[in-house]
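Student: Please give me a close look at one part of this protein, beginning with a single charged side chain and following its surroundings outward. I would be grateful if each term were explained where it is used.

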Amino acid sequence: MKCLHLLVIVLILSVPALAQKSRVLPRVLPPDRIVDLTYAFDANSVYWPTAEQFKLETDFEGMTDKGYFYSAYRYSAAEHGGTHLDSPVHFAKGRHTVDELPLEQLIGPAIVIDVGGQCASNPDYLVSVADIENWEKRNGQIRAGTIVLLRTGFGKFYPDRKKYLGTEERGAEAVAKLHFPGLDPAAARWITANRSIKAIGLDTASIDYGQSTLFESHRTLFEKNVPAFENVANLDQLPAKGFSVIALPMKIKGGSGGPLRIIAFL
Ligand SMILES: [Zn+2]
C-alpha cells in the first residue's frame, strides 16, 4: 500500500513535468534533420554583375600584448548577393522594407517544385503555371501560408559564375549575357492571384530569369508584399513537401533586402 502511495505521488508529481515537456519539446527539440539552405559569404559569393562583392577585411587577428588571442573583421557588400532576401520595396514603392517584414511571413511550412529536368536542357527556362499545377496534381493544392521553393538544379554550379550566371563578366555590359532560369511572370501572376503564399525562393541569382529586362516576376510578387529568397543552397536535399523553413534576413533599417540565413527542418 505504501508502495502504491509512493507511485501515486510520483505520478502526480510527474504530470506537470510531462505536461510542460509536451508543451515545450516540440518548440525546442532539434528536429530530425536540419538542412542549411545558406551559402557562406566570401570573396567568391555570387553577386549581380553590377553589385559590390562581399569583402571581409581584418581589423585584428592574433595574440594581443596581454597574452590572449583576439580576432575581429569588418565586411562590406551590396544587399543583393550570396544567399539573400529581396524585400518587396526592392521593386514596389511603399511595400515592405526588409526590417518591416512580419516574422510569421519568414517562417512556415514549405514545398519544393522541382524543375531540374526542364532547366538542364534550357538555361533560360521559365518556371510555368503548368509546373505549379503538376506539383499540385501529385501533392495536393498549395496551402495558404506556404513558402514555395523552386529547384532549378542550378545550385550545383554555385559559385562558378560562368555556369551559374551564364557569364563571369562584371559590369553593366555583362547583364545582357546572364542566362539562368527564373519564374515565368505569368506564373507569378497566377500564384499571387490564386494561392496565398508567404514567400518564394530559388537556387538562382534572381526570381526573374537571367534574360529578363523588365523584372515582371519581382514586380508582381512584391506588389503583393511576397518577398523572394535568391541563391538558396542545398534544395536537392529537400523533399517535395512535409518540411518547414525559417528564413531570417539581416534587419537593415529601410533596406531593400539583405543577407539571409535560411534553414529547413524536416
Ligand atoms: Zn535580390
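**A charged side chain and its surroundings**

Tutor: R74 counts as partly exposed because its relative accessibility is 39% (buried means under 20% relative accessible area, exposed over 50%, and partly exposed in between, with a 1.4 Å probe and protein chains only). The model is predicted, so local features need pLDDT of at least 70 and side-chain atom pairs count only at pLDDT 80 or more, while totals for chains, interfaces and linings use all residues. Residues are numbered from 1 along each chain as its sequence is written, and side-chain values use heavy atoms, with hydrogens and water left out.

R74 forms a salt bridge with D59, and their closest N and O atoms are 1.9 Å apart (a salt bridge is a side-chain nitrogen of Lys or Arg within 4 Å of a carboxyl oxygen of Asp or Glu). This pair links distant parts of the chain: R74 belongs to strand β3 and D59 to strand β2 (residues 55-63), with their positions 15 residues apart in sequence. Helices (H or I, at least four residues) and strands (E, at least two) are DSSP runs, numbered from the N terminus. D59 is also partly exposed, because its relative accessible area is 47%.

Strand β3 spans residues 69-76 and also holds Y75. Y75 counts as exposed because its relative accessibility is 52%. Together with L56, Y73 and M250, Y75 forms a nonpolar patch on the surface, with about 420 Å² of accessible area in total. Such patches are made of residues with over 30% relative accessible area and no salt bridge, like charges being joined within 9 Å and nonpolar side chains (Val, Leu, Ile, Met, Phe, Trp, Tyr) within 5 Å. The accessible areas come from the Shrake-Rupley method with a 1.4 Å probe, and for residues only the protein chains shown count as cover.

How many salt bridges does a search of the whole structure find? The search finds seven. One of them joins D114 to R151, with the closest N and O atoms 3.3 Å apart. D114 in strand β5 (residues 107-114) and R151 in strand β7 are 37 residues apart, and the pair thus links distant parts of the chain. D114 is partly exposed, because its relative accessible area is 44%.

A further salt bridge connects R195 with E136, whose closest N and O atoms are 2.8 Å apart. Here the link runs from the loop between α5 and β9, where R195 lies, to helix α3 (residues 129-139), where E136 lies, 59 residues away in sequence. R195 counts as buried because its relative accessible area is 16%, and E136 is buried because its relative accessibility is 12%. Returning to the starting point, salt bridges that share partners join R74, D59 and E57 into one network.

The wider setting can now be added. The protein has six helices and 12 strands, and 44% of its 266 residues count as buried. Among contacts between residues at least 6 apart in sequence, 73% join residues at least 24 apart (contact means heavy atoms within 4.5 Å). The accessible surface of the protein comes to about 14200 Å², and 57% of this belongs to carbon and sulfur atoms.
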